[in-house]
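Biologist: I'm new to reading protein models. Could you walk me through one, feature by feature?

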Amino acid sequence: MNTSKNRWLIALSAISIHLSIGGAYAYSVYTTPISEKMGWSATEVTVAFTIMMALAGSSAALFGKFVERNGPRKSAILAGILFGLGQAGSGLALVIDSLPFFLFTYGVASGLGLGIGYISPVSTLVKWFPDRRGLATGLAVLGFGTGALITAPIAANLMNNVGVTNTFYIIGAAYFVMILLGALYIAPPPEGWMPSSMKKDIASGKKVFKKDLQQLTSKEAVKTKRFWLLWTMMLINTTAGIMMISVASPMAQEVVGLSAGAAAMMVGIMGIFNGGGRLVWATASDYIGRPNVFLIFFLIQTVAFFTLPFTTNVLLFQLFILLVVSCYGGGFSNLPAFIGDLFGTKQLGAIHGYLLTTWSLGGVFGPMLVTQIRERTDSYTPVFYVFLGLILIALVFSLLMKKDIRKIEKTVHQEQKEGEAVNY
């Protein structure tokens with residue numbers, strides 16, 4: 001393994017991969033042009049996106065061990081092939097007028113590439129940045145969160161100039177090249193590698209870096225209490241965030257009378273808070289710890305969902321929505337570093353994949369819950385109370401997580417003392 005590689009270029013490679021697959025979130029710009037060109041209904045066109053998002057989390061879990069066995073380079077190249085062909089193949093599906101083939105290319109192939117591409121660089125980044133895990137993974141996941149912001153205007157402009165079909169060909173080729181460029185540079189460091197600044201700080205006693213709680217395989221990790229505590233916390237945080245993203249505009253218009261134009265502007269700002277929250281919260285976790293960041297997420301959302309039913313102030317209502325969305329983005333950026341803290345880096349990619357099943361489930365539960373409650377009660381107010389209850393459960397689980405971590409740290413410390421006594 002090459003130690004001459006620049007770890008910041010490794011981070012840039014990860015960002016290149018995540019920016020590409022993050023473009024998947026720009027799908028809404030294609031919906032109307034495809035419907036008008038092909039005569040397919042908006043619902044039929046949207047199914048492709050639903051399939052892709054459902055496969056994103058599940059494929060991350062399915063291919064987690066593949067990533068660990070084959071390394072980030074081969075895994076990212078596979079992701080680039082699947083995602084690039086999926087996007088470019090969507091253009092071919094339009095040429096042959098085949099909705100099933102479109103669902104396969106944009107939905108299945110792109111979804112598989114998205115899941116593999118998401119986890120491929122993350123475990124490597126954690127190993128290259130043992131001193132700044134949160135910052136490193138935050139940068140990569142920020143790339144994923146902002147991919148749609150870059151892709152949407154480019155795709156819209158291309159469709160106006162070269163048509164929908166050619167846009168898919170161009171976008172697919174561009175994604176493949178960007179992912180390939182990132183994949184060709186990315187590589188893991190040697191076992192136990194540390195940057196020279198970190199070694200100096202440890203030697204001088206200037207800083208004390210906390211060791212990983214344990215080094216576990218994915219099979220060992222899923223048998224622990226803290227895995228399922230984290231899984232539940234992520235599921236609730238993701239469900240709440242996706243729920244808010246899916247109905248923010250109509251909710252704000254109905255509850256506090258926001259205009260359609262102002263609601264559209266708020267949705268745009270939500271994208272900034274989603275992406276920015278990934279970097280800000282991840283960076284903060286390097287200083288205050290990942291357990292405390294998740295605790296803060298649920299305290300913020302407890303206040304938000306408790307207050308929203310009574311909020312009549314337009315600015316305050318929007319602020320609470322933006323805070324919930326920032327916690328949603330922050331959950332994803334903190335997750336890889338938190339996994340490293342709790343289970344080590346031995347099989348971080350595989351464990352990350354298992355925990356990303358919450359992404360797929362939250363994408364189903366969030367919109368489903370809010371839609372069903374709104375239809376049955378003709379109001380968004382009960383939605384806030386239901387999610388307040390869920391967030392309170394997550395808050396309790398985050399406290400149990402802190403307790404479990406302290407218990408394990410105490411056990412490990414005691415074992416170390418006993419081992420030193422025996423050696424003495």
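Biologist: Let's begin at a helix end. Which residue caps the N-terminal end of helix 5?

Modeller: Keep in mind that this is a predicted model. To find a cap, look for a side chain that reaches over to a backbone nitrogen at the helix end. Here the cap is Ser-98, with a side-chain oxygen 3.1 Å from the backbone nitrogen of Phe-101.

Biologist: Okay, and what span should helix 5 have at 1.5 Å a residue?

Modeller: You work out the expected span, then check it against the end C-alpha atoms. For helix 5, which has 21 residues (99-119), the expected span is 30 Å, and the end C-alpha atoms are 29 Å apart, so the two agree. There is still a bend of about 30 degrees, at Ser-110.

Biologist: How many residues of helix 5 are buried?

Modeller: Buried means under 20% relative accessible area. In helix 5, 16 of the 21 residues are buried, so the rest of the structure largely encloses this helix.

Biologist: Let's try another one. Where in helix 14 does a kink lie?

Modeller: To spot a kink, follow the helix axis and see where its direction changes. In helix 14, the kink is at Leu-335, about 40 degrees, and the proline Pro-336 comes shortly after. From first C-alpha to last, helix 14 (residues 314-343) reaches 43 Å, close to the expected 44 Å for its 30 residues.

Biologist: What do we find at the two ends of helix 14?

Modeller: At the start, Asn-313 has a side-chain oxygen within 3.0 Å of the backbone nitrogen of Leu-315. After the helix comes Gly-344, with a positive phi near 80 degrees. As for its surroundings, helix 14 is largely enclosed by the rest of the structure, because 24 of its 30 residues are buried.

Biologist: Now single residues. Is Asn-274 buried or exposed?

Modeller: Take the relative accessibility and compare it with the cut-off. Asn-274 lies in helix 12, and its 12% relative accessibility makes it buried, because buried means under 20%. Its side chain makes a polar contact of 3.0 Å with the side chain of Arg-278. Leaving out residues up to four places away in sequence, Asn-274 touches Ile-245, Val-325, Tyr-328 and Gly-329.

Biologist: And which residues does Val-29 contact, leaving aside neighbours within four places in sequence?

Modeller: Contacts like these show which parts of a chain come together. Val-29, in helix 2, is in contact with Ala-152, Ala-155 and Met-159. Its C-alpha atom is 8.5 Å from that of Pro-153, although the two residues are 124 places apart along the chain. At 23% relative accessibility, Val-29 counts as partly exposed.

Biologist: What is the relative accessible area of Thr-167?

Modeller: For Thr-167 the value is 0%, so this residue is buried. Thr-167 sits in helix 8 (residues 164-185). With neighbours within four places in sequence set aside, its contacts are Tyr-30, Ala-155, Leu-158, Met-159 and Val-162.

Biologist: Last one: how many residues line the second largest pocket?

Modeller: For a pocket, ask about its volume, then its lining. This pocket holds about 1,200 Å³ of space. Its lining has 35 residues, and those nearest its centre are Tyr-25, Ser-28, Phe-49, Ile-245 and Ser-246. Several helices supply at least two lining residues each, including helix 2, helix 12 and helix 14. The largest share, seven residues, comes from helix 16.

How values were computed. Residues are numbered from 1 along each chain as its sequence is written. This is a predicted model: local features need pLDDT of at least 70, side-chain atom pairs count only at pLDDT 80 or more; totals for chains, interfaces and linings use all residues. Side-chain values use heavy atoms; hydrogens and water are left out. Helices (H or I, at least four residues) and strands (E, at least two) are DSSP runs, numbered from the N terminus. Buried means under 20% relative accessible area, exposed over 50%, partly exposed in between (1.4 Å probe, protein chains only). Contact means heavy atoms within 4.5 Å. The expected span of a helix is 1.5 Å times one less than its number of residues. The bend at a residue is the angle between axes fitted to the seven residues ending there and the seven starting there. A polar contact is a pair of N or O atoms within 3.5 Å; within protein, one must be able to donate a hydrogen and the other to accept it, and residues adjacent in sequence count only if both atoms are side-chain atoms. On a 1 Å grid over the protein atoms alone, a cavity is a set of points where a 1.4 Å probe fits but cannot get out, and a pocket is an open set with protein on both sides within 12 Å along at least five of seven lines; lining residues have an atom within 4 Å of a point. Grid points are joined across faces, edges and corners, and a volume is the space filled by probe spheres set on the points.
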